[in-house]
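Colleague: I have a new model open and would like to go through it slowly with you. Could you show it first?

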Number of protein chains: 2
Amino acid sequence: MREFRSKLRVLLIDDNADHLRGVKELITLESCYDVVGATTSANIGINLAKKYRPDIILMDINMPEKDGLQAIQDIEKLGLNSKIIALSGYDDADLIFRAMKLGAKGYILKTMASAQLIYAIDEVAAGKIYLPSALSSRFFEYFQRSFKEEAVSSDTENLLTYLTAREEEVLDLLTQGNNYKGIAGKLFISETTVKTHVNNIFQKLQVNDRTQAVLYALNNGFANKRKTKMAV
Amino acid sequence: MREFRSKLRVLLIDDNADHLRGVKELITLESCYDVVGATTSANIGINLAKKYRPDIILMDINMPEKDGLQAIQDIEKLGLNSKIIALSGYDDADLIFRAMKLGAKGYILKTMASAQLIYAIDEVAAGKIYLPSALSSRFFEYFQRSFKEEAVSSDTENLLTYLTAREEEVLDLLTQGNNYKGIAGKLFISETTVKTHVNNIFQKLQVNDRTQAVLYALNNGFANKRKTKMAV
DNA sequence: ATTGGAGTAAATCTTTGGGTTGATATTTTG
DNA sequence: CAAAATATCAACCCAAAGATTTACTCCAAT
């Protein structure tokens with residue numbers, strides 16, 4: 001897999017000029033890395049990323065001008081294969097979580113020793129994901145808390161279990177935005193039959209209309225082929 | 001925080017009797033741990049957990065009788081403060097992800113050295129989360145892949161951006177299952193005005209009815225106070 | 001000063017949705 | 001086998017939702 005290319009190309013984006021300079025010198029000292037760009041502007045950084053397609057991008061995510069997280073997202077959308085390492089002054093769980101969610105391959109604190117910075121770059125360059133164990137713990141606490149409510153809320157009885165197979169089919173089509181006619185057509189039954197099913201669904205889910213039925217379904221694990229999401 | 005209690009209590013659940021015995025001996029050798037139970041049955045294990053409320057539970061998640069992941073969920077629901085460490089023969093990303101999602105404080109492979117097992121227990125007992133770096137990488141790859149599709153799908157224009165502030169308010173109430181009357185009452189405007197807004201929303205989102213509007217909103221990042229979820 | 005967007009509202013009309021009752025065939029299950 | 005649950009359909013009615021048009025006010029941009 002190692003190609004013929006001699007050095008891995010690194011792009012630095014950090015609005016603190018002093019820190020930027022320091023990191024640049026530090027990385028330049030490493031024989032295997034080549035700093036192809038260093039800028040204090042997120043927008044310029046994004047353009048440099050487009051231009052040079054660096055192997056590694058060190059991105060400060062606490063910048064005033066443009067949100068560093070947004071910048072990560074923008075760069076990820078470009079579909080370059082650059083590996084982004086988030087640089088931050090804070091070990092805030094939410095920041096870490098969001099950075100990782102957006103595709104950052106690492107997250108390091110500015111206060112960390114320079115040796116650790118190099119180590120992180122090495123690891124990420126090697127295709128791994130680098131999170132110092134302290135931050136990793138933060139991440140997992142946050143991660144697990146995000147799912148806690150789910151588990152708790154699911155102790156209330158799930159009314160979906162009372163639906164018959166046919167009713168589930170109908171509900172599934174409801175959650176795809178179909179009206180009576182659409183459902184009737186797709187299930188090859190009459191519209192009045194669909195109405196009967198839908199009415200039974202309303203009774204069982206204890207709701208008054210289709211919108212509430214759809215919401216109940218989506219909020220109570222009616223997964224059916226639907227991509228569900230998590231709060232950003 | 002350290003209490004007057006001398007030893008931390010550990011419960012072992014592993015359907016492989018040999019492995020169970022080995023781990024039990026290993027842990028008993030450690031002066032700071034006390035094995036309060038060791039069973040090859042997940043169900044018995046759950047009952048032992050209820051009875052002893054151990055500090056640490058080592059749970060094998062590859063058991064035929066009962067799914068170990070299910071057992072983790074069951075124990076978590078009991079609301080004991082036991083910290084569960086998942087034990088597995090496989091470093092499957094999906095398994096790791098699901099175990100952590102269910103609240104496991106650690107995940108270790110049966111093939112790992114005994115010193116590492118003890119280290120993991122120490123770390124978890126100290127309130128940290130322990131994932132060997134190799135597994136941690138697996139986890140993050142899986143984690144980021146789960147969010148990839150989201151980011152990609154969002155390259156299609158988000159029609160929600162065209163909504164006015166008022167329309168967003170109305171849509172928000174729609175996504176809570178309100179009808180015209182309910183929305184009118186909550187916004188202190190007439191029902192006909194609500195209809196106007198809703199119709200404008202339909203135009204802008206290019207949908208035909210409220211259910212489709214709600215679905216569009218939920219599928220396109222209309223987060224508004226709503227707990228969103230992620231596929232299990 | 002005036003244009004345009006946003007929010008408000010009413011009138012009208014058509015379609016869809018929701019509730020009810022009752023009927024029949026099929027399947028499940030005790 | 002008999003009883004119960006499920007799936008099918010019809011006819012009915014009323015309420016709610018959706019489409020369209022018109023119009024007034026306020027506010028911001030020019």
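Modeller: We can go through the DNA strands, the chain layout and a helix pair in turn.

Modeller: This is a predicted model, where local features need pLDDT of at least 70, side-chain atom pairs count only at pLDDT 80 or more, and totals for chains, interfaces and linings use all residues. Residues are numbered from 1 along each chain as its sequence is written, chains are lettered from A and ligands numbered from 1 in the order in which they are written, and side-chain values use heavy atoms, with hydrogens and water left out.

Colleague: How many residues surround DNA strand D, and which are the closest?

Modeller: DNA strand D is surrounded by 16 residues, and the closest are Thr164(A), Arg166(A), Ser190(A), His197(A) and Asn199(B); a residue is near a strand if one of its heavy atoms lies within 4 Å of it.

Colleague: Which phosphate oxygen contacts does strand D have?

Modeller: Among the polar contacts (pairs of N or O atoms within 3.5 Å; within protein, one must be able to donate a hydrogen and the other to accept it, and residues adjacent in sequence count only if both atoms are side-chain atoms), a side-chain N or O atom of Arg166(A) is 2.7 Å from a phosphate oxygen of DNA strand D. A backbone N or O atom of Ser190(A) lies 2.6 Å from a phosphate oxygen of that strand, and for a side-chain N or O atom of Tyr180(B) the distance is 3.1 Å.

Colleague: Which element gives the largest share of that surface?

Modeller: The largest share of the surface near DNA strand D, four residues, comes from α9(A); helices here are DSSP runs (H or I, at least four residues; strands are E, at least two), numbered from the N terminus.

Colleague: And what kinds of residues are they?

Modeller: The surface near DNA strand D has three nonpolar, nine polar and four charged residues, where Ala, Val, Leu, Ile, Met, Phe, Trp, Tyr, Cys and Pro count as nonpolar, Asp, Glu, Lys and Arg as charged, and the others, Gly among them, as polar.

Colleague: What about DNA strand C, which residues are closest there?

Modeller: DNA strand C has 17 residues around it, the closest being Asn199(A), Thr164(B), Arg166(B), Ser190(B) and His197(B). A side-chain N or O atom of Thr164(B) is 2.5 Å from a phosphate oxygen of DNA strand C, while a polar backbone atom of Arg210(A) is 2.9 Å from one. The largest share of this surface, four residues, comes from α9(B).

Colleague: Changing topic, how is chain A divided?

Modeller: Chain A is divided into domain 1 (2–142) and domain 2 (162–231), with bounds from an automatic or database domain assignment, and the C-alpha centres of the two domains lie 46 Å apart.

Colleague: Last one: where do α1(B) and α5(B) meet?

Modeller: Val23(B), Leu26(B) and Ile27(B) in α1(B) meet Ser114(B), Leu117(B), Ile118(B) and Ile121(B) in α5(B), contact meaning heavy atoms within 4.5 Å. The residues of this contact divide into six nonpolar, one polar and no charged.
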